[in-house]
Amino acid sequence: MLSGAKGARSGRRRFNATDQAGSLAPVPRLSEVIAALENLWPAERAESWDAVGTVVGDPDQEVTRVLFAVDPVQEIVDEAVKLGADLLVTHHPLYLRGTTTVAATHFKGRVVHTLIKNDIALHVAHTNADTADPGVSDALAGALDLRVTGPLVPDPADPEGRRGLGRVCALDHPLTVREFAARAAERLPATAQGVRVAGDPEAVVRTVAVSGGSGDSLFDHVRAAGVDAFLTADLRHHPVSEARAHSPLALLDAAHWATEWPWCELAASQLDEISDRHGWDLRVHVSKTVTDPWTSHSPSPGAPN
Ligand SMILES: [Zn+2]
């Protein structure tokens, strides 16, 4: 459920500092927390062009607070400092390609400086979290109350056929495109963009493909899945125009950040469970700061519909 988008997770203490016997609950080292995260999202399952894993951090440092967010931007790092976090886990990489400087004169260098000065580690799970089971699109489907029936692009390396990019889903009750778009706008965290729709608003939706983040390279797979609608982000004019000409498939375009944010809640709950099993003294938080780069939206007067 997505009430977490509005309801604070922060400050929830999962463990008392002492257990019933009065002994101290163990504070994990960064290396232990990273090993747990790597187990959820192995780096070798990331795309070859991706840059995942630990960006900043000393394996021996202790971790008592973790913050999950979509973007490793200054606003989020400042939030991590304020929170007293020791580890920031983001979906998007800080550096996708190599760099020759981390000087604080550059905004990414400033992020690195702020992290190191405040003893905060940064760890990234990107395409390895997209294809995980459960992964980014499972969280998106969950936020929209959809029943996942399988991956949209199965990972051939997964014998169980559960991992892969995107998810094919069913609705428990059919909705019109208009109703489904309204549900997405309501359930996903609020952004300036909201949800754009291409298609007949009265068409009936029983099956949906979803893919968190940019999904317009997946149209062939969506068509092959034979679903009624596709919800993703960053859809562009030509692919949408061509997809509409091919079939009555309805397209829903939400803000990139909003389609990936539900994963932060899922990932945080996964780490909470792991922490529980180990009896760690660890607090897990999810940032509710909207880092979608689009900040306002002016509807055209007299627009169709
Ligand atoms: Zn993304």
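**Helix 7, the nonpolar core and a helix crossing**

Within helix 7 (residues 177-187), the buried residues include V177, F180, A181 and A184; buried denotes 20 or more other C-beta atoms, placed from the backbone, within 10 Å of a residue's own. Viewed along the axis of helix 7, its buried residues fall within an arc of 100 degrees, so they line one face of the helix; the arc is that of the directions from the helix axis to the C-beta atoms. Helices (H or I, at least four residues) and strands (E, at least two) are DSSP runs numbered from the N terminus. The cover over these buried residues includes strand 6 (164-176), strand 8 (204-214) and strand 10 (250-254).

This is a predicted model, in which local features need pLDDT of at least 70, side-chain atom pairs count only at pLDDT 80 or more, and totals for chains, interfaces and linings use all residues. Residues are numbered from 1 along each chain as its sequence is written.

The largest nonpolar core (buried Ala, Val, Leu, Ile, Met, Phe, Trp, Tyr and Cys residues joined through C-beta atoms within 7 Å) has 87 residues, and V66, L87 and L252 are among those with the most contacts inside it. Helix 10 (residues 256-278) supplies the largest share of this core, 10 residues.

Helix 10 also meets helix 6 (residues 136-143): their axes come within 7 Å and cross at roughly 100 degrees, the axes being lines fitted to C-alpha atoms over the stretch in contact, with angles from 0 to 180 degrees between N-to-C directions. Helix 6 is therefore roughly perpendicular to helix 10, a class spanning 65 to 115 degrees. Residues making the contact (C-beta atoms within 7 Å) include A139 and L140 of helix 6 and W263 and L266 of helix 10.

Technical notes
Buried ≥ 20, exposed ≤ 12 C-beta atoms within 10 Å, placed from the backbone. Contact = placed C-beta atoms within 7 Å. Parallel < 35°, antiparallel > 145°, perpendicular 65-115°, else oblique.
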